[in-house]
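Please look through the sequence and the model that follow, and then read on for a guided account of the cysteines and of the meeting of the chains.

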Amino acid sequence: MSAVSPGSMVTGLMAGVGMALLFGVMDASAKPENLTFLEKPLTPEQIALGKDDYVEFCASCHGSNLEGQKNWKRRLDTGRMPAPPHDASGHTWRHSDQELFAITKFGVGAVVPGYESDMPAFEDVLSDEEIIAVLGYIKSVWSDEEREFQHNLNLKDGRAR
Amino acid sequence: MKRNTIVAGSVSRRALLRGLVTCAGLYLLPATTLAAVSESSNSAIAFDSNALIIARGSLLLYRDRDRNWITLPEMSAGSILTLATHPERPGRVIGGLDTGRIVLSVDGGKSWDVRGQGLPKAAVTAITTAATNPDTIYAAIRGDGLWQSDDAGQSWVFVMDRPWLANAERDLTALSSVDLATGMGGIWLYAGTDTGVTRVPDCFCRWQDVQPGDAMDALASGKQATPKVPLPEGEPVSALVSAVSRPATLYAGLPSGIWQSQDAGVTWLKRSEVIATALAVHPLRADDLVIVNNDGVLQSPDGGRTWTAIANI
């Protein structure tokens, strides 16, 4: 954990800390301006809870650094796809909040009917608040650019270009 | 239902150039020829603005915009299995080779530059340019998967494994960038396989069947999406193209004939019993089709209803 508190982070921002430097030191306790879920700002507490839930429920497949499974672009022998990274090197940020929520709660079949995958449905494991917190944590590791791109998908109700 | 009529394909090229419609007789294509799809010679066809380029085996033909046919010099690097052009790059033709390279021409196929160093050494079975970015090329490699280049073929990255259909990984037989929004910040890539059509968003999130409507809408409203009329199940797709001028209009060449969809592949209608081993749509006219088959090169001005032989190769 970084010693920088959210408060001092914001102060630092105001003082004009370079963005590149900022990303370098950002962690789950930081609260970027555009970190929202379904238009609601996420609190540092939510992000912290999300990180805990991520470690417990997601990291085994998606990696403790959100790096995804090894060779995640290559199909497994079972015919299914491995778990992709949740950081910017994957494509989680290409899904709207609605889609991310639906995938986590009900599985990938909720957005691609009939699709078979190893991604479990967390409907009976995590509450809606916890799902939002986990996804909020995932979004907190993206850069402002990915967050903005992804936010535009949300604005247009997932039908953006 | 109206039968497909076809202008005799046995006329000489000179006769063709004199004007086919006036001098050639019409005959009905016998049903027996329909089943015979030759796998022996691969063919590819693409519009270059109003011009056409055709590859069959090692033969390369070009029909310029004045409709003069030119036999292009043979290429030493291999045989072209698949061709791609882009309306914003007139004269530029990209070919995928049986030897696993990409060739690029900027003079309508007269001379070629070999690219695709870094691609696996296996046949390039399908290529397309991104509808919204002429320098982005996607190449499907046999036994491997999909690769993407954003610099007109100089450098390549692996983007997606092959689709899994009917319990096996499938090579792509055709690839078409379809300029319709995915909802994931990009557009679609549609692909033909030896067992039907599939698609992937250009974020390469996952291969998926064509779905009627929007799954999120269905999830939110609990309403059933509109029914779909798919292609006949399990048929191999030898050609698949989206019309640049009307992206939701797709044509697919199957052993059962040429099929058309006007809603991006939700509902399909058989337009012709004619077999196509390769197919292209005019960049400005979505009903103007050209195909290659065992009879040669045929053109249809009306979305596959009637055909005129324009070359016998």
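A residue is called buried when its relative accessible area is under 20%, exposed when that area is over 50%, and partly exposed in between. In this predicted model, A:Cys61 has a relative accessibility of 37% and therefore counts as partly exposed, whereas A:Cys58, at 11%, counts as buried. The sulfur of A:Cys58 has its closest cysteine sulfur in A:Cys61, 8.9 Å away, which is too far for a bond, and A:Cys61 is accordingly in no disulfide.

Chain B offers another case. There B:Cys203 and B:Cys205 form a disulfide, with their sulfur atoms 2.4 Å apart, and the count over all chains comes to 1 disulfide. Because the torsion about the S-S bond of B:Cys203 and B:Cys205 is about -130°, this disulfide is left-handed. Both B:Cys203 and B:Cys205 are buried.

The two chains also meet each other, in a contact that takes 25 residues from chain A and 31 residues from chain B. Between them, chain A and chain B bury about 2,400 Å², of which 54% lies on carbon and sulfur atoms. The count of salt bridges between the chains is 3, and one of them joins the side chains of A:Arg74 and B:Asp144, at 3.2 Å from N to O. The count of residue pairs in polar contact between chain A and chain B, both at pLDDT 80 or more, is 9.

On the side of chain A that touches chain B, the elements that give two or more residues are α5 (97-106) and α7 (144-155) of chain A, and the largest share, 3 residues, comes from α5(A). The residues of that side divide into 11 nonpolar, 6 polar and 8 charged.

Note on methods: Residues numbered from 1 in each chain as written. Chains lettered and ligands numbered in written order. Predicted model: local features only at pLDDT ≥ 70, side-chain atom pairs only at ≥ 80, totals over all residues. Heavy atoms only, no water. Contact = heavy atoms within 4.5 Å. Buried area = accessible area lost by both parts, 1.4 Å probe. Salt bridge = Lys/Arg side-chain N within 4 Å of Asp/Glu carboxyl O. Polar contact = N/O pair within 3.5 Å; in protein donor to acceptor, adjacent residues only side chain to side chain. Helix = DSSP H or I, 4+ residues; strand = E, 2+ residues; numbered from the N terminus. Nonpolar A, V, L, I, M, F, W, Y, C, P; charged D, E, K, R; others polar. Disulfide = S-S within 2.5 Å. Buried < 20%, exposed > 50% of the residue type's maximum accessible area, 1.4 Å probe, protein only.
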